Amino acid sequence: MHTVTLNNGVKMPIIGFGLYQVPDAEESENTVYEALKAGYRLIDTAAGYQNEEAVGRAIKRSGVAREELFITTKLWVQDAGYEKAKLAFSKSLEKLQLDYLDLYLIHMPFGDYYGAWRAMEELYDEGKVKAIGVSNFSSDRLMDLIGHNKIVPAVNQIETHPFQQQLADAAFLKGQGVQHQSWAPFAEGRNNLFGNETLVTIAQNHNKSVAQVVLRWLTQREIVVIPKSVRKERLIENINIFDFELSSEEMASITDLDTGNSLFFALNDPEVAKMMANWKVEL
Ligand SMILES: NC(=O)c1ccc[n+]([C@@H]2O[C@H](COP(=O)([O-])OP(=O)(O)OC[C@H]3O[C@@H](n4cnc5c(N)ncnc54)[C@H](OP(=O)(O)O)[C@@H]3O)[C@@H](O)[C@H]2O)c1
């Protein structure tokens, strides 16, 4: 498995399996089981996805040794705050049937995420989690968090795909030693990603699929990817990206697809902040 090394020396697979929008317990369990059989070792879930229990069952069923796995889950907005974060962490561990986590992320930069971060620093010091990080943090929010705390986040998981490449944030993250992780590498198929002419041409050049080209492009930029698919043939296809390389011309033509805008939500929109404050999940 190809890995990156986080700022605390922990090794993280450069490709993993994402599990957003798979709320059905049986489908989640079977998909994660298939992903582990196909060779994925990083599983990305979240309290907010409501499938941690299914992930736990799939891990047990797979028989893969714990030390081979890299399990990420995330703290939802309603549980930001020191006490609430500690409780949410133990609930997630219990659901996943694990005694430690590989990576715990603050899902969104809303609510009392400073209190949450201090709880996570303690969990890290106690060895209950191997690395702690954030998600959806803009560079200014991340700099503020770094400036007022002891531990520099190991990872920032942000929307990153050919139409939203996060070039400035990527450079900032590199400078701070924070690993860039992409969510929605395929933009969930929006903007006709799978039919994009540039991507289709590059895919044909290499006898690969558009999905494989996108994942190769991201990993060549040393960005960790967590594509999601509930289809066995696609999850196998998506991990098969290490037997070809994109040329610098191909990389540059994909750079030209950047719009610099989100295809999902603007984190600085007050309506989004309001929505996050009211978004409750049952734990
Ligand atoms: N931190 C955050 O706020 C955040 C937000 C969003 C996502 N995430 C994480 O990032 C992961 C990935 O993002 P995502 O699930 O939103 O979207 P994504 O991975 O960009 O796209 C998933 C979509 O692409 C399809 N697909 C997958 N492989 C394909 C292939 N080889 N060919 C054609 N279509 C394919 C899937 O359909 P099928 O399933 O039908 O194959 C699904 O509709 C999530 O699962 C989650 O773990 C995090």
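Two strands count as paired here if DSSP finds at least two bridges between them. In this predicted model, strand 8 and strand 9 meet that mark with five bridges, and they pair in the parallel sense. One spot to look at is Ile158, which sits opposite Ser182 in strand 9. To get from strand 8 to strand 9 the chain passes through helix 6, and this β-α-β crossover is right-handed.

Strand 9 also has a partner in strand 10 (residues 224–225): the two run parallel and are joined by two bridges. Here Gln181 of strand 9 faces Val224 of strand 10. As for how covered strand 9 (residues 179–183) is, five of its five residues are buried, so the rest of the structure largely encloses it. That goes for both sides of the strand: Gln179, Gln181 and Trp183 point one way, His180 and Ser182 point the other way, and all are buried.

Helix 5 (residues 139–147) is a different story. Its buried residues are Ser139, Leu142, Leu145 and Ile146. Looking down the axis of helix 5, these buried residues fall within an arc of 120 degrees, so they line one face of the helix. Over on the other side of helix 5, Asp140 and Gly147 are exposed. What do the buried residues of helix 5 pack against? Their partners are two helices, helix 4 (113–125) and helix 6 (167–176), along with two strands, strand 7 (129–135) and strand 8 (155–159). Helix 6 and strand 8 thus turn up again, having already appeared in the crossover to strand 9.

Further along come helix 7 (residues 197–206) and helix 8 (residues 210–220), which pack with their axes 8 Å apart and at an angle of about 95 degrees. Angles of 65 to 115 degrees count as roughly perpendicular, and helix 7 and helix 8 are therefore described that way relative to each other. On the helix 7 side, the contact is made by Leu199, Val200, Ile202 and Ala203, while helix 8 brings in Val210, Val213 and Val214.

Last up is Asn238, found in helix 9 (residues 232–239). Buried or exposed? With a relative accessibility of 4%, Asn238 counts as buried, because the cut-off for buried is under 20%. Setting aside neighbours within four places in sequence, Asn238 is in contact with Ile15, Tyr40, Phe186, Ala211, Leu215, Pro227 and Ser229.

Note on methods
Residues are numbered from 1 along each chain as its sequence is written. This is a predicted model: local features need pLDDT of at least 70, side-chain atom pairs count only at pLDDT 80 or more; totals for chains, interfaces and linings use all residues. Side-chain values use heavy atoms; hydrogens and water are left out. Buried means under 20% relative accessible area, exposed over 50%, partly exposed in between (1.4 Å probe, protein chains only). Helices (H or I, at least four residues) and strands (E, at least two) are DSSP runs, numbered from the N terminus. The arc is that of the directions from the helix axis to the C-beta atoms. Contact means heavy atoms within 4.5 Å. A crossover is right-handed if, with the strands pointing away from the viewer, the path from the first strand over the helix to the second runs clockwise. Axes are lines fitted to C-alpha atoms, for helices over the stretch in contact, and angles run from 0 to 180 degrees between N-to-C directions. Angles under 35 degrees count as roughly parallel, over 145 as roughly antiparallel, 65 to 115 as roughly perpendicular and the rest as oblique.
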